[in-house]
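The exercises below ask you to work through a structure by backbone geometry, burial and contacts. Each task is followed by a solution that goes step by step.

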Amino acid sequence: MIGNDWDEKLDVVWKSEGFKKFMSVIKHEYETKTCYPEYKNIFNALRYTPYSNVKIVIIGQDPYHGEGEAHGLSFSVQDGVALPPSLQNIYKELYNDLGIKNTRGDLTSWAKEGVLLLNSILSVEKDKPLSHSKLGWQLLTDHIIKILNQKEEPIVFILWGSYARSKKEFITNKKHLIIESVHPSPLSASRGFFGSKPFSKANAFLKKNNIKEVDFSIK
């Protein structure tokens, strides 16, 4: 499915009849409607960030629903697409926090640095946010969070907004760090996202645990 160690971690899921039936439903959605990201990119978060490489998890809700935006990584857009407002605010906080100025919206380099950019819902119909929220993606992505919670190596979980923070119930391992705040959306960013310094806090935790810090610049 993925081509890295996630396949071993999720082998029981991939082989289950329930998952096969679920994916046939998703495939039908893609065959009969315009959906994002491209079908081949649905699992990019796992593909670009193997289980053994995960240092930080940033949980999103569902993919961007506009044409050419989503490519399987939470908060990330493909090159050539205008930066969504939430990502603009993430970059503002990154600059104020670490002095890093990014202009491109493709966060693939973060993923390759060990930042799992995991949406809870991995697909969406064009121009219909949360349209796939009741299909069952959360059964898989909640399971992924639970697997990461069991990891021996410390991980940073970054939870922005009430939806992401609802996943805190699955993060019980005291080895891990949870960083949470309001969502970076323009509707809420000024109420606690700006000034929260999630990037420097995450890297300080990694450094304290003798884990290489993440380079948040876009390459």
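**Exercise 1.** In this predicted model, determine whether Thr108 is buried or exposed, and find its contacts away from its own stretch of sequence.

*Solution.* Begin with accessibility: the relative accessible area of Thr108 is 13%, and because the cut-off for a buried residue is under 20%, Thr108 counts as buried. Next, place the residue: Thr108 belongs to helix H6, which covers residues 108-113. Finally, setting aside residues up to four places away in sequence, the contacts of Thr108 are Tyr48, His71 and Leu73.

**Exercise 2.** Describe helix H5 by its span, its buried residues and the elements against which those residues pack.

*Solution.* First, compare the span with expectation: H5 has 14 residues and reaches 20 Å from its first C-alpha to its last, which is close to the 20 Å expected at 1.5 Å a residue. Second, list the buried residues of H5, which are Ser86, Leu87, Asn89, Ile90, Tyr91, Glu93, Leu94 and Asp97. Third, identify the partners: these buried residues pack against H6, strand S5 (156-160) and helix H9 (198-208). Lastly, look just after H5, where Gly99 adopts a positive phi of about 75 degrees.

**Exercise 3.** Locate Phe75 and Leu130, and state which burial class applies to Phe75 and which to Leu130.

*Solution.* As background, most residues other than glycine have a negative phi, and most peptide bonds are trans. Phe75 has a positive phi, near 70 degrees, and is found in the loop between strand S2 (56-60) and helix H5 (85-98); its relative accessibility is 11%, so Phe75 is classed as buried. Leu130, which is not a glycine either, has a positive phi of about 65 degrees and sits in the loop between strand S4 (124-125) and H7; with 35% relative accessibility, Leu130 is classed as partly exposed. For the peptide bonds, turn to Tyr36 and Pro37, which are joined by a cis bond with omega about -10 degrees, Pro37 being in the loop between strand S1 (35-36) and helix H4 (44-48).

**Exercise 4.** Find which residues have the most contacts inside the largest nonpolar core, and trace the contacts of Phe43.

*Solution.* The largest nonpolar core contains 68 residues, and Trp6, Phe43 and Trp110 have the most contacts inside it. Helix H7 (residues 137-149) supplies the largest share of this core, six residues. Leaving aside neighbours within four places in sequence, Phe43 is in contact with Met1, Ile2, Trp14, Phe19, Met23, Leu122, Trp137 and Leu140.

Notes
Residues are numbered from 1 along each chain as its sequence is written. This is a predicted model: local features need pLDDT of at least 70, side-chain atom pairs count only at pLDDT 80 or more; totals for chains, interfaces and linings use all residues. Side-chain values use heavy atoms; hydrogens and water are left out. A nonpolar core is a set of buried Ala, Val, Leu, Ile, Met, Phe, Trp, Tyr and Cys residues joined through side-chain atoms within 4.5 Å. Buried means under 20% relative accessible area, exposed over 50%, partly exposed in between (1.4 Å probe, protein chains only). Helices (H or I, at least four residues) and strands (E, at least two) are DSSP runs, numbered from the N terminus. Contact means heavy atoms within 4.5 Å. The expected span of a helix is 1.5 Å times one less than its number of residues.
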